[in-house]
Amino acid sequence: MFYGRITGWGKCVPEKVVTNFDLEKIVDTSNEWIVSRTGIRERHVAGDGETTASMSVAAARAAMAKAGVIPADLDLIIVATSSPDYLLPPVSSMIQDQLGARCGAFTLVAGCTGFVYGLATAQQFIATGAYKTVLIIGAEIITKFVDWTDRNTCVLFGDGAGAVVMQASEQPSGVLAFELGSDGEGAEHLKMNLGVANPPSHKVIDEGGHFIRMNGREVFKFATRVLARSAAEVIGRAGLSIDDVDLVIPHQANERIIEVAAKQLGISMDKMFVNIAKYGNTSAASIPIALCEAMEEGRCKEGDRIVMVGFGAGLTWASAVVQLGVADEHRLAMWRWVPTATMRRAQNRVKVAARTIGLKAGAVVMPLYTRVTKRG
Ligand code: UT7
């Protein structure tokens with residue numbers, strides 16, 4: 001059995017920055033509304049010549065340089081995206097070609113959750129000994145599918161790419177536990193109505209079938225149901241409690257969702273990484289961009305245990321407990337507790353459920369999803 005150690009990370013965002021004040025000029029919204037309801041202040045938006053492939057390649061090169069690997073070392077490339085350059089060819093093959101790699105490559109679609117799905121998938125190839133070096137990318141130019149007249153969505157999204165290199169290690173490292181989830185019953189709440197079931201035509205385009213449409217309230221409620229619960233579940237599967245975790249890196253969709261999850265998990269916001277103010281929701285790119293920034297800012301370091309948790313279209317969710325670097329002796333001792341995983345899972349989930357009931361009880365007048373944290 002091999003462990004999939006994360007040895008490199010990199011990110012790339014477009015140059016152009018669109019602030020909330022810029023949006024005030026094109027749609028009926030305000031900086032105050034966007035900041036207080038989402039935590040977003042600005043986002044990066046791709047310009048001419050910037051594509052999902054080009055940003056992925058830049059993020060991948062940064063991650064590979066950090067890991068000290070060259071394209072010939074790559075055994076597999078996994079690209080999580082909902083905004084590929086084309087339906088065909090797969091953007092993953094374009095990226096493989098542009099990197100000069102000679103290995104398998106595939107694109108994975110699981111909405112904003114895609115990167116964590118990719119991480120868990122990569123780890124399987126490494127754990128079995130099939131592959132030694134896997135590149136995982138989360139990349140989106142989602143703003144190409146945003147209706148800039150729809151204030152419900154256009155203020156939320158941004159573009160970017162993040163990448164990590166995962167390499168086989170014999171020492172405990174990398175993905176300790178993961179959970180992948182899907183509930184297609186909620187599919188209608190976040191969709192782009194273009195595809196085989198609704199093929200492109202003038203009528204479909206006139207109706208805006210190529211734009212992202214979202215029932216924000218429903219997705220918000222879903223997110224506050226799954227985020228903390230799934231994080232608690234994987235922390236338990238790793239035989240740990242939340243106190244053993246150094247940092248949680250959640251999908252950056254709404255700061256209020258992250259605040260609710262922190263309360264449900266019983267942790268302070270210091271333990272949550274939040275960078276949504278600068279990037280908005282970059283979908284599958286949000287977690288690898290956040291990981292990269294957390295490393296750059298020293299918010300997490302080699303030896304730390306972090307939890308990544310995503311949610312989004314599908315509706316889907318996924319979490320992973322990741323050991324950065326190699327566990328030290330003390331931490332290795334913790335791992336020997338893995339036989340108690342069943343007990344830990346139960347303990348962690350009960351705690352989250354109890355705190356959620358407490359939060360709901362305190363929000364009788366106002367449903368959970370409308371709780372607003374005011375910011376200047
Ligand atoms: O990554 C994929 C996952 N996506 C998400 O997780 C998004 C989850 N959802 C959310 O983050 C929130 O639901 C939103 C930020 C999308 C919306 O926040 P909300 O607190 O749920 O607002 P709301 O949809 O309940 O709308 C409240 C009011 C409405 O006006 P009325 O009906 O009360 O008069 C909206 O029309 O806010 C209005 N509104 C806006 N006002 C100014 C909606 N969007 C805007 C806007 N500017 N951009």
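**Note on the predicted model**

1. Strand β13, residues 316-323, is largely enclosed by the rest of the structure, because eight of its eight residues are buried. The structure discussed here is a predicted model. The burial holds for both faces of β13. On one side stand T316, A318, A320 and V322, and on the other stand W317, S319, V321 and Q323.

2. Which strands pair with β13? Strand β8, residues 174-182, pairs with β13 in the antiparallel sense, and eight bridges join the two. To locate this pairing in the model, the student may begin at L180, whose bridge partner in β13 is A318. Strand β12, residues 305-312, also pairs with β13 in the antiparallel sense, again over eight bridges. Here G312 is found opposite T316 of β13.

3. The connection between β12 and β13 deserves separate attention. These two strands form a hairpin, with three residues between them. In the turn, G314 has a positive phi of about 145°. The peptide bond that joins G314 and L315 is cis, and its omega is about -5°. L315 itself lies in the loop between β12 and β13.

4. A second cis peptide bond should be noted. The bond from L88 to P89 is cis, with omega near 0°. P89 belongs to the loop between β4 (76-80) and α4 (91-99).

5. One residue other than glycine has a backbone angle to be checked. S283 has a positive phi, near 55°. Where is S283 found? The residue sits in the loop between α10 (276-279) and α11 (286-296). S283 is nevertheless buried, with 33 other C-beta atoms within 10 Å; the cut-off for a buried residue is 20 or more.

6. The model also contains an open sheet of five strands. Their order is β1-β7-β6-β4-β5, and the pairing is mixed. At the edges stand β1 (3-12) and β5 (104-108). Each of these has a single partner strand, so one side of each is left without a neighbour in the sheet. From one strand to the next, the twist averages 20°.

7. Within this sheet, strand β7 (residues 160-169) may be followed through its pairings. β7 pairs with strand β6 (residues 133-140) in the antiparallel sense over eight bridges. One point of reference is E140, whose bridge partner in β7 is G160. β7 also pairs with β1 in the antiparallel sense, over nine bridges. In that pairing, R5 stands opposite Q167 of β7. Is β7 mostly covered or mostly exposed? The strand is mostly covered, since nine of its 10 residues are buried.

8. The packing of the helices comes next. Two packed helices are described by the angle between their axes and the distance between the axes. For α8 and helix α13 (residues 341-361), the angle is about 160° and the axes are 7 Å apart. These two helices are therefore roughly antiparallel to each other, given that angles over 145 degrees are counted in that class. The crossing of α8 and α13 is right-handed.

9. Helix α8 also packs against helix α9 (residues 255-265). In this pair the angle is about 40°, and the axes lie 9 Å apart. That angle makes α8 oblique to α9. The crossing of α8 and α9 is right-handed.

10. The surroundings of the ligand complete this note. Of the 22 residues around the ligand, those that come nearest are T29, R151, G216, A253 and N254. Three elements give two or more residues to this shell, namely α2 (31-38), α6 (151-154) and α8 (216-237). Which element gives the most to the shell? It is α8, with five residues. By kind, the residues of the shell divide into 10 nonpolar, nine polar and three charged.

11. For a reading of the model, three places may be revisited. Helix α8 should be viewed both as the element that gives the most to the shell around the ligand and as a helix that packs with α13 and with α9. Strand β13 should be viewed with β8 and β12, its antiparallel partners. The loop between β12 and β13 should be viewed for L315 and for the cis peptide bond between G314 and L315.

Definitions and conventions: Residues are numbered from 1 along each chain as its sequence is written. This is a predicted model: local features need pLDDT of at least 70, side-chain atom pairs count only at pLDDT 80 or more; totals for chains, interfaces and linings use all residues. A residue is near a molecule or strand if its C-beta atom, placed from the backbone, lies within 6 Å of it. Helices (H or I, at least four residues) and strands (E, at least two) are DSSP runs, numbered from the N terminus. Ala, Val, Leu, Ile, Met, Phe, Trp, Tyr, Cys and Pro count as nonpolar, Asp, Glu, Lys and Arg as charged, and the others, Gly among them, as polar. A residue is buried if 20 or more other C-beta atoms lie within 10 Å of its own, exposed if 12 or fewer, and partly exposed in between; C-beta atoms are placed from the backbone. Two strands pair if DSSP finds at least two bridges between them. Axes are lines fitted to C-alpha atoms, for helices over the stretch in contact, and angles run from 0 to 180 degrees between N-to-C directions. Angles under 35 degrees count as roughly parallel, over 145 as roughly antiparallel, 65 to 115 as roughly perpendicular and the rest as oblique. A crossing is left-handed if the near helix is turned anticlockwise from the far one by less than a right angle, and right-handed if clockwise.
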